[in-house]
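User: Could you walk me through the packing in this model?

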Amino acid sequence: MVKQQYYSMKQMVQLTGLSKDTLRYYEQIRVLQPVVRDTNNYRKYVQADLDWLKMVKLLRATGIGVNEFIDGQNTSTRERREYLEKHQLQIKQDIQKLHHIHDLLQQKVAFLRNLENSENNH
């Protein structure tokens, strides 16, 4: 039998980049399932908690609100996959929009640069 590895609050802060307050808050609002406690009442996080928090942090960076993750650890594998596929499609569409905006800005900058050069030459 493989022994479960546990992480302390300090280790989770280091591994996730989230603050202690954020970890406590996520547990309080059920983004993170209640964490096991040791005999001294210290939190003992497991690998699944670490993996989940890394995913939450990654998706939060794409603009997803924290409320979308409440009770998310309790969803089925299928529900998680479907959610991620939906979000992946949205990101792809956002990237396409940003590429289009980038191209338009690049054209405008080139136009203004040419205009500026012609003004300086007169």
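User: Leaving aside its neighbours within four places in sequence, what is Tyr26 in contact with?

Analyst: This is a predicted model, where local features need pLDDT of at least 70, side-chain atom pairs count only at pLDDT 80 or more, and totals for chains, interfaces and linings use all residues. Residues are numbered from 1 along each chain as its sequence is written, and side-chain values use heavy atoms, with hydrogens and water left out. With contact taken as heavy atoms within 4.5 Å, Tyr26 touches Leu18, Val31, Leu32, Leu53, Val56, Arg60 and Val66.

User: Is Tyr26 buried or exposed?

Analyst: Tyr26 has a relative accessible area of 7%, so it is buried (under 20%, against over 50% for exposed and partly exposed in between, with a 1.4 Å probe and protein chains only).

User: And how many aromatic pairs are there?

Analyst: The count is 2, where rings of Phe, Tyr and Trp (its six-membered ring) pair if their centres lie within 6.5 Å, with planes under 30 degrees apart called stacked, over 60 edge-to-face and the rest tilted. Tyr25 and Tyr26 make a tilted pair, because their planes meet at 45°, with ring centres 6.3 Å apart. Trp52 and Phe69 form an edge-to-face pair, at 6.3 Å centre to centre and 80° between the planes.

User: Where do Trp52 and Phe69 lie?

Analyst: Trp52 belongs to helix H3 and Phe69 to the loop between H3 and helix H4 (77-120), so their pair ties together parts 17 residues apart in sequence (helices are DSSP runs of H or I, at least four residues, numbered from the N terminus). Both Trp52 and Phe69 are buried.

How values were computed. Helix = DSSP H or I, 4+ residues; strand = E, 2+ residues; numbered from the N terminus.
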